[in-house]
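I wanted a short record of how the strands pair and what packs between them. These are my entries, in the order I looked things up.

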Amino acid sequence: MKRIGGPTELYKTRAGLNLQAKPLYVYKTDFFIKDNFLKDFINKNTFHRDHGKIKIDLSTATTILTDFPELDFIKERFVNIGLDYARNVLQIENDLIMPHSWMAITKKGNSHHEHLHQNALFSIVYYARVKSGSLMIALDKSTIEHIFNFHYKIKNYNIYNSSTWEVKPEQGDFIVFPADIRHSTTPNEDEEDRIIFGANFFITGQMGEKQKLTELDLTNVEVQWP
Ligand SMILES: [Fe+2]
């Protein structure tokens with residue numbers, strides 16, 4: 001059977017249209033939190049480590065950015081980056097809320113198991129301290145595995161043929177990703193704790209149109225079938 005292929009002179013340009021992309025964005029910033037502030041805040045608060053799969057110290061506060069006025073300067077960054085992502089990346093104008101926010105400390109040797117964020121549209125993780133470790137993204141299948149689940153002979157890994165991705169965060173990074181993306185972290189191999197703040201975002205307000213039978217008022221949902 002003749003192999004399909006041909007010389008590049010066959011065309012003038014080759015343009016891609018990457019349909020159904022998953023918009024994971026890295027915002028590089030020079031927003032850094034002072035050591036003393038972080039240390040004092042951690043000492044004043046409580047963290048728990050589940051003795052199951054979770055190998056990180058997670059804040060007991062689940063709305064940490066709204067609970068503590070002294071974190072307003074961090075919350076403001078989250079809100080503005082969340083808005084930028086919604087308006088300029090997703091290009092949606094819906095109202096947003098930030099229903100969950102947390103702080104997580106990963107000590108040397110620890111890592112975060114694979115998980116996703118339920119009841120959220122997208123999530124933001126801010127790396128306050130990170131000297132070691134990657135954010136690992138695990139998709140169920142690559143794009144070409146969705147077409148047919150062959151075990152392909154990959155020449156170079158790219159966005160079409162890869163189902164896992166490694167993102168190497170630096171201090172000051174805000175990573176924004178759709179909340180249904182499965183992710184985990186590699187172990188922190190540095191003496192210094194890896195410290196992140198995270199937040200989930202969700203849609204609120206009036207959605208859809210009455211005439212199109214899509215109207216939904218998320219600010220006023222009445223439970224009729226208890
Ligand atoms: Fe997560």
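Entry 1. I started with Phe47 and looked up its bridge partner in β3, which is Ser59. The model is a predicted one. I then checked the strands involved: β2 and β3 (residues 57–59) pair in the antiparallel sense over two bridges.

Entry 2. I followed β3 to its next partner. β3 and β4 are also antiparallel, paired over two bridges, and here I found Asp57 opposite Ile105 in β4. From β4 I went on to β10; these two pair in the antiparallel sense over ten bridges. Ala104 stands opposite Ile196 of β10.

Entry 3. I wrote down the whole sheet. It is open and has seven strands, in the order β1-β8-β5-β10-β4-β3-β2, with antiparallel pairing. Its edge strands are β1 (25–27) and β2 (47–48), each paired on one side only.

Entry 4. I looked for a second sheet and noted an open one of three strands, β7-β6-β9, with antiparallel pairing. β7 (164–167) and β9 (182–185) each have a single partner strand, so one side of each has no neighbour in the sheet. Direction ignored, neighbouring strands of this sheet are turned by 25 degrees against each other on average. For the pair β6 (residues 135–138) and β9 I noted four bridges in the antiparallel sense, with Ala138 opposite Arg182 of β9.

Entry 5. Which residues of the largest nonpolar core touch the most other members? The core has 26 residues, and the ones I was after are Leu65, Phe78, Ile124, Tyr126, Val176 and Phe197. At least two core residues come from each of α2 (64–67), α3 (72–89), β4 (95–106), β5 (122–129), β8 (174–178) and β10 (194–204). I took Tyr126 for a closer look: leaving out residues up to four places away in sequence, Tyr126 touches Phe78, Phe174, Ile196 and Phe197. As background, nonpolar side chains in soluble globular proteins tend to be buried together.

Entry 6. Last, I looked up Ser111, which lies in the loop between β4 and β5. Is Ser111 buried or exposed? Ser111 counts as partly exposed, because it has 18 C-beta neighbours inside 10 Å, and buried would take 20 or more. Beyond four places in sequence, I listed its contacts as Lys55, Thr106, Thr185, Thr186, Pro187 and Asn188. For Ser111 and Pro187 I noted a C-alpha to C-alpha distance of 4.3 Å, with their positions 76 residues apart in sequence.

Methods:
Residues are numbered from 1 along each chain as its sequence is written. This is a predicted model: local features need pLDDT of at least 70, side-chain atom pairs count only at pLDDT 80 or more; totals for chains, interfaces and linings use all residues. Two strands pair if DSSP finds at least two bridges between them. A nonpolar core is a set of buried Ala, Val, Leu, Ile, Met, Phe, Trp, Tyr and Cys residues joined through C-beta atoms within 7 Å. A residue is buried if 20 or more other C-beta atoms lie within 10 Å of its own, exposed if 12 or fewer, and partly exposed in between; C-beta atoms are placed from the backbone. Two residues are in contact if their C-beta atoms, placed from the backbone, lie within 7 Å. Axes are lines fitted to C-alpha atoms, for helices over the stretch in contact, and angles run from 0 to 180 degrees between N-to-C directions.
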